[in-house]
Amino acid sequence: MGWRVAMFCKEIRHRGPGRRAATTRVRRRQLSSRIALWSTLQGANVKGIVFNLLEEAVSKEFGEETWDQLLDEANLSGAYTSLGSYADSEIVALVGAAAKALKLPPQDILRWFGQRAMPLLAARYPDFFSGHADTRSFLLTLNNIIHPEVQKLYPGAITPVFDFGAGDDGGMVIGYSSPRKLCALAEGFMRGAAAHYHEQADITQPQCMHDGASKCVFHVRFHQ
Ligand code: HEM
């Protein structure tokens, strides 16, 4: 691995994609060695836009060479068009290559990616973000506006389902269901969205599909 991948590693370690309690982090780390990173759906595909966002996030922060190195490691050509569909296994291989290079759990890579993808999505789709004063209001449109529009823009896209409730502390209780079990990516997206609206995000995840639960549950509080 070249120096840029070493930098990539250092950056993710230092900036830390999540701010969970240390105990939760250790637990997830142990867990991650036993679980699959991405519950690959039989015959399912990921839209090329996801690969485009990952390439842009990696190249922007660590240089195009790092992206090329990850492609080499994953044994992939890297020719992705936004509307194209690519096997789940390709994104698994890329995230896996990054995780291996950095000696980090794949979940940390997904969280980092989710955070960095949000400003890129805001640049591509400003209308999804513009009508909202805060993160809460933005997230509440995921099920009925954002992801349905995504499915029109990218036919065949498989998007998750969220449910929303109120927490005791005035925060939100957000349920995430998807056969792909990408709760770490969802957390990264939420943190990235909070940064967009200049809010701090306190996020805990008391329930996880990787522990056998039927859905993942986040307790989320956004504040200035
Ligand atoms: C402008 C905002 C957004 C856009 C344009 C967008 C778009 C997309 C696209 C294109 C996919 C891939 C679908 C596929 O490959 O089949 C996706 C998946 C996903 N999105 Fe969104 N998304 C947005 C916001 C969010 C936010 C805020 C969250 C989390 C709170 C989120 C959570 C996810 C997750 C976790 C997946 C992975 C698929 C799965 O879990 O089954 N998205 N989204």
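How many helices and strands are there in the chain? The chain has 10 helices and 6 strands, where helices (H or I, at least four residues) and strands (E, at least two) are DSSP runs numbered from the N terminus. This is a predicted model, in which local features need pLDDT of at least 70, side-chain atom pairs count only at pLDDT 80 or more, and totals for chains, interfaces and linings use all residues. Residues are numbered from 1 along each chain as its sequence is written.

**Sheet**
- An open sheet is formed by 4 strands in the order β3-β4-β6-β5, with antiparallel pairing; two strands pair if DSSP finds at least two bridges between them.
- β3 (161-166) and β5 (200-207) are the edge strands, each pairing on one side only.
- From one strand to the next, the twist averages 25°.
- β5 pairs with β6 (residues 216-223) over 6 bridges in the antiparallel sense, and Ile203 stands opposite Val220 in β6.

**Helix α10 and the core**
- α10 packs on the sheet and touches β4 (172-177), β5 and β6; its direction makes about 160° with that of β5, on a scale from 0 to 180 degrees between N-to-C directions, with axes fitted to C-alpha atoms, for helices over the stretch in contact.
- The largest nonpolar core (buried Ala, Val, Leu, Ile, Met, Phe, Trp, Tyr and Cys residues joined through C-beta atoms within 7 Å) has 46 residues, of which Phe113, Met190 and Val220 touch the most other members.
- Helix α10 (residues 183-196) gives the largest share of this core, 8 residues.

**Burial and contacts**
- Of the chain's 224 residues, 32% count as buried, meaning that 20 or more other C-beta atoms, placed from the backbone, lie within 10 Å of the residue's own.
- Beyond its neighbours within four places in sequence, Val220 is in contact (C-beta atoms, placed from the backbone, within 7 Å) with Gly171, Met172, Ile174, Met190, Ala201 and Ile203.

How values were computed. A residue is buried if 20 or more other C-beta atoms lie within 10 Å of its own, exposed if 12 or fewer, and partly exposed in between; C-beta atoms are placed from the backbone. Two residues are in contact if their C-beta atoms, placed from the backbone, lie within 7 Å.
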